[in-house]
Amino acid sequence: MTEGRARARGQGEVTERRRRPGRRPGSADTRGEILAAARRVFAEKGFDKATIRGIAREAGVDPALVHHYFDTKEGMFVAAMKLPAEPTAVIPGLLAGPREEIGERVVRFILTMTSDPTSREQMLGVVRTAVVNDEAAAMIREFFTTAILARIGAGLDIPPLRLQAAFGQMMGVVMMRYILRLEPLASAEIEDLVELLAPTIQRYLDEPGRGDAAGPGVSGG
């Protein structure tokens with residue numbers, strides 16, 4: 001009877017191990033270990049060349065376990081770098097709606113996101129790291145180009161230079177507002193800034209050639 005119970009217990013332990021593929025015995029924070037491995041791999045290979053399989057190998061777990069915690073490589077990068085938002089969750093909302101209102105949506109989203117102290121510090125922390133670390137700058141540049149600008153550019157069918165100019169201007173506003181704390185910009189209401197900035201960002205994000213044929217006060221003929 002005792003032998004039968006021991007055999008049943010052993011079978012139960014094997015079944016339990018099979019339910020948790022790739023999980024290291026005794027690991028209390030598997031997700032944290034995966035994120036630590038992801039940071040190392042992203043730093044070494046950059047965003048574009050890093051893979052889920054490579055991160056799983058670095059963490060000593062099965063790739064299926066990585067997918068259990070993170071749906072995509074982008075999601076893992078966002079979590080590893082502590083970014084305030086994941087592009088796959090944000091970009092569809094920015095692209096939805098009338099094309100002539102995309103500038104307003106982009107400005108309102110960025111200003112609203114950075115108005116939250118936690119989200120703002122996460123974003124600015126990444127910027128500070130990129131400024132002083134060339135490897136981090138390359139990694140973040142690849143992520144920003146591939147996961148954000150390329151997707152928005154494809155959705156709007158506009159050249160990269162226009163997108164970079166638009167987001168560069170908004171980043172400058174965020175820096176002046178929250179790092180230099182330049183008044184009255186620092187204490188201005190979000191809606192006042194949306195009204196001021198949206199037309200300029202809209203011009204960057206309009207279809208190429210739209211409104212460029214003739215400037216104010218220029219008539220044809």
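This passage walks through the main pocket, the salt bridges and a nonpolar surface patch of a predicted model.

The largest pocket comes first. About 760 Å³ of space lies inside this pocket, and 30 residues line it. Sitting nearest the centre of the pocket are Met123, Phe144, Ile148, Phe167 and Met171. What kind of residues make up the lining of the largest pocket, nonpolar, polar or charged? The split is 27 nonpolar, one polar and two charged. Several helices chip in: helix 6 (87-95), helix 7 (102-115), helix 8 (117-132), helix 9 (134-156) and helix 10 each supply at least two residues of the lining. Helix 9 gives the most, with seven residues.

Next up are the salt bridges, of which the structure holds five. One of them joins the side chains of arginine 40 and glutamate 58, with a distance of 2.8 Å from N to O. Arginine 40 belongs to helix 2 (residues 30-49) and glutamate 58 to helix 3 (residues 52-59), so this pair ties together parts that are 18 residues apart in sequence. Arginine 40 counts as partly exposed because its relative accessibility is 42%, and glutamate 58, at 39%, also counts as partly exposed.

Helix 9 turns up again in another salt bridge, this time between arginine 151 and glutamate 74, whose closest N and O atoms are 2.9 Å apart. Since arginine 151 lies in helix 9 and glutamate 74 in helix 5 (residues 73-81), the pair ties together parts that are 77 residues apart in sequence. Is each partner buried or partly exposed? Arginine 151 is partly exposed, with a relative accessible area of 34%, whereas glutamate 74 counts as buried at 10% relative accessibility, because buried means under 20%.

Arginine 108 and glutamate 191 make a further salt bridge, and here the closest N and O atoms are 2.7 Å apart. This pair links distant parts of the chain, with arginine 108 in helix 7 and glutamate 191 in helix 11, 83 residues apart. Arginine 108 is partly exposed at 27% relative accessible area, and glutamate 191 is partly exposed at 44%. There is a third player too: Glu104, Arg108 and Glu191 are linked in a network of salt bridges.

Finally, there is the surface. Met176, Ile179, Leu180 and Leu182 make a nonpolar surface patch of about 350 Å². Isoleucine 179 is found in the loop between helix 10 (160-178) and helix 11 (190-205). With a relative accessibility of 40%, isoleucine 179 counts as partly exposed.

Methods:
Residues numbered from 1 in each chain as written. Predicted model: local features only at pLDDT ≥ 70, side-chain atom pairs only at ≥ 80, totals over all residues. Heavy atoms only, no water. Patch = residues over 30% accessible without salt bridge, like charges linked within 9 Å, V, L, I, M, F, W, Y side chains within 5 Å. Areas by Shrake-Rupley, 256 points an atom, 1.4 Å probe, with all protein chains shown as cover. Salt bridge = Lys/Arg side-chain N within 4 Å of Asp/Glu carboxyl O. Helix = DSSP H or I, 4+ residues; strand = E, 2+ residues; numbered from the N terminus. Buried < 20%, exposed > 50% of the residue type's maximum accessible area, 1.4 Å probe, protein only. 1 Å grid on protein atoms, 1.4 Å probe; cavity = no way out; pocket = protein on both sides within 12 Å on 5 of 7 lines; lining within 4 Å. Points joined across faces, edges and corners; volume = space filled by probe spheres on them. Nonpolar A, V, L, I, M, F, W, Y, C, P; charged D, E, K, R; others polar.
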